[in-house]
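Here is a short round of questions on one protein model. Keep the sequence and the coordinates in view while you read.

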Amino acid sequence: MIEFLSQNNLTGLAIGIATFVIIGVFHPIVIKAEYYCGTKCWWVFLILGISFIVLSILIKEILVSTIMSVLAFSCFWSILEVFQQKQRVQRGWFPKNPKRDADSD
């Protein structure tokens, strides 16, 4: 598959599609993470981001390495987003989890 993409000059397109999908998947992940865990889950995104960076460095195939980097920086961006999601909940733009104490974040 990777050879096909490379031979037909489609690697950039595959990276673009993968990036689009990853960003789209991370949006609801951040919303759910803040809803169930609050901002306490930021360190999970940090650990995942660092792990994906390490994988990106270790993997020699450019397509897979690039996708690992996109995943890493999406995780890092999610740290900021989970705190911003808390503010959006406080403004009433998103529902608040009634089972979780908002002050404990």
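A charge sits over a ring if NZ of Lys or CZ of Arg is within 6 Å of the ring centre and within 35 degrees of the ring normal. The model discussed here is predicted.

Q: At what distance from the ring centre does Arg-91 lie over the face of Trp-93?
A: The cut-off for a charge over a ring is 6 Å from the ring centre. Arg-91 lies over the face of Trp-93, and its distance from the ring centre is 5.0 Å.

Q: How many disulfides does a search of the whole structure find?
A: A disulfide needs two cysteine sulfur atoms within 2.5 Å. The sulfur of Cys-41 has its closest cysteine sulfur in Cys-37, at 5.2 Å, which is too far for a bond. Cys-75 is in no disulfide either, with the nearest cysteine sulfur, in Cys-41, 11 Å away. The search of the whole structure gives a count of zero.

Q: Is Cys-75 buried or exposed?
A: Buried means under 20% relative accessible area. Cys-41 has 8% and is buried. Cys-75 has a relative accessibility of 0%, so Cys-75 counts as buried.

Q: Which residue has a positive phi although it is not a glycine?
A: Most residues other than glycine have a negative phi. The exception here lies in the loop between helix H1 (2-7) and helix H2 (11-37). This residue is exposed, with a relative accessible area of 70%. Its phi is about 55 degrees, and the residue is Asn-9.

Q: What is the area of the nonpolar surface patch that includes Val-25?
A: Val-25 is found in helix H2. At 41% relative accessibility, Val-25 is partly exposed. The patch is made by Leu-13, Ile-17, Phe-20, Val-21, Val-25 and Ile-29, with an area of about 590 Å².

Q: What is the angle between the planes of Tyr-35 and Tyr-36?
A: The whole structure holds two aromatic pairs. Tyr-35 and Tyr-36 form an edge-to-face pair, 4.9 Å centre to centre, with the planes at 85 degrees.

Q: Which of the two, Tyr-35 or Tyr-36, is exposed?
A: Exposed means over 50% relative accessible area. Tyr-35 has 23% and is partly exposed. At 54%, the exposed residue is Tyr-36.

Q: Why is the pair of Phe-73 and Phe-76 edge-to-face?
A: Phe-73 and Phe-76 are three residues apart in helix H4 (residues 62-90), so about one helical turn separates them. Phe-73 is exposed at 52%, whereas Phe-76 is partly exposed at 26%. Planes over 60 degrees apart count as edge-to-face. The ring centres of Phe-73 and Phe-76 are 5.5 Å apart, and the pair is edge-to-face because the planes are at 80 degrees.

Note on methods. Residues are numbered from 1 along each chain as its sequence is written. This is a predicted model: local features need pLDDT of at least 70, side-chain atom pairs count only at pLDDT 80 or more; totals for chains, interfaces and linings use all residues. Side-chain values use heavy atoms; hydrogens and water are left out. Buried means under 20% relative accessible area, exposed over 50%, partly exposed in between (1.4 Å probe, protein chains only). Helices (H or I, at least four residues) and strands (E, at least two) are DSSP runs, numbered from the N terminus. Patches are made of residues with over 30% relative accessible area and no salt bridge: like charges are joined within 9 Å, nonpolar side chains (Val, Leu, Ile, Met, Phe, Trp, Tyr) within 5 Å. Accessible areas come from the Shrake-Rupley method with a 1.4 Å probe; for residues, only the protein chains shown count as cover. A salt bridge is a side-chain nitrogen of Lys or Arg within 4 Å of a carboxyl oxygen of Asp or Glu. Rings of Phe, Tyr and Trp (its six-membered ring) pair if their centres lie within 6.5 Å; planes under 30 degrees apart count as stacked, over 60 as edge-to-face and the rest as tilted.
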